[in-house]
Amino acid sequence: LLLLLAPMVPHITAELWERRHGEGSHIHAERWPVADPALAAVQTETMVVQVNGKVRDRLQVAADVDEEEMQRLALSSERVQAVLGGQSPSRVITRPPKLINIVVGG
């Protein structure tokens, strides 16, 4: 935190750094922190499942889910099955990985 604050408040961070690390250590001689892209990568997304435009369920899916897997997960949801009542969808609209809309009827 002190390294990140050093450019904005150099005198205060230098004083705090010396108190923590000793007299011979200088915060402005330290290397800037390097970000790890693997830690920032999104592993899962929340997929919203709609039936005829109304939200019926929300499912956690992999960030790289494909359309077929989205449709399989959405149609196997108990909440969606209750709304469908045994009917087959006439159309399925997918926007991976965030949204799937199941259209029933004409």
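1. Two strands are said to pair if DSSP finds at least two bridges between them. In this predicted model, strands β1 and β2 meet that condition with 8 bridges, and they run antiparallel. β1 covers residues 44-51 and β2 covers residues 54-62.

2. Confidence comes next. The mean pLDDT of the chain is 93, and 99% of its residues reach 70 or more. Among the elements, β4 has the highest mean pLDDT, at 97, while helix α3 (residues 37-40) has the lowest, at 88. Where pLDDT is low, predicted coordinates should not be read in detail.

3. The chain holds 5 helices and 4 strands. In sequence order they follow the pattern α-α-α-β-β-α-α-β-β. The radius of gyration is 25 Å, well over the 13 Å that the globule rule gives for 106 residues, so the chain is more spread out than a compact globule. Along the principal axes, the C-alpha trace spans about 75 × 20 × 20 Å. Of the 106 residues, 25% count as buried. Among contacts between residues at least 6 apart in sequence, 43% join residues at least 24 apart.

4. How do the strands connect? β1 and β2 form a hairpin with 2 residues between them. β3 (residues 91-95) and β4 run antiparallel and are joined by 5 bridges; a hairpin of 3 residues links these two strands. β1 also pairs with β4, here in the parallel sense, over 4 bridges. Individual partners can be checked in the structure: E45 stands opposite V61 in β2, V49 opposite I100 in β4, and I93 has N101 in β4 as its bridge partner.

5. Both hairpin loops contain a backbone feature to inspect. In the loop between β1 and β2, N52 has a positive phi of about 55 degrees although it is not a glycine. N52 counts as partly exposed, because its relative accessibility is 45%, between the 20% limit for buried and the 50% limit for exposed. In the other loop, the peptide bond from P96 to P97 is cis, with omega near -10 degrees. P97 lies in the loop between β3 and β4.

6. The largest nonpolar core has 13 residues. Those with the most contacts inside this core are M47, V49, V51, V80, L84, I100 and I102. At least two core residues come from each of β1, β2, α4 (67-75), α5 (78-84) and β4 (99-103). β1 gives the most, with 3 residues. Of the 8 residues of β1, 6 are buried, so this strand is largely enclosed by the rest of the structure.

7. What does M47 touch, leaving aside neighbours within four places in sequence? The contacts of M47 are D57, R58, L59, V61, M70, L73, A74, P97, K98, L99 and I100. P97, on this list, is the residue that follows the cis peptide bond.

8. E45 lies in strand β1. Is E45 buried or exposed? E45 is buried, because its relative accessible area is 16% and the cut-off for buried is under 20%. The side chain of E45 makes a polar contact with the side chain of K98, at 2.8 Å. Not counting residues up to four places away in sequence, E45 touches L59, Q60, V61, A63, P97 and K98. V61 is thus both a contact of E45 and the residue opposite E45 in β2.

9. L75 is in helix α4. L75 counts as partly exposed, because its relative accessibility is 23% and buried requires under 20%. Beyond four places in sequence, L75 touches Q81, L84, P89 and I102. L84 and I102 are among the core residues with the most contacts. L75 and S88 are 13 residues apart in sequence and, C-alpha to C-alpha, 9.6 Å apart in space.

Key. Residues are numbered from 1 along each chain as its sequence is written. This is a predicted model: local features need pLDDT of at least 70, side-chain atom pairs count only at pLDDT 80 or more; totals for chains, interfaces and linings use all residues. Side-chain values use heavy atoms; hydrogens and water are left out. A nonpolar core is a set of buried Ala, Val, Leu, Ile, Met, Phe, Trp, Tyr and Cys residues joined through side-chain atoms within 4.5 Å. Buried means under 20% relative accessible area, exposed over 50%, partly exposed in between (1.4 Å probe, protein chains only). Contact means heavy atoms within 4.5 Å. A polar contact is a pair of N or O atoms within 3.5 Å; within protein, one must be able to donate a hydrogen and the other to accept it, and residues adjacent in sequence count only if both atoms are side-chain atoms. pLDDT is the predictor's confidence in each residue, from 0 to 100. The radius of gyration is taken over C-alpha atoms; the globule rule is 2.2 Å times the number of residues to the power 0.38.
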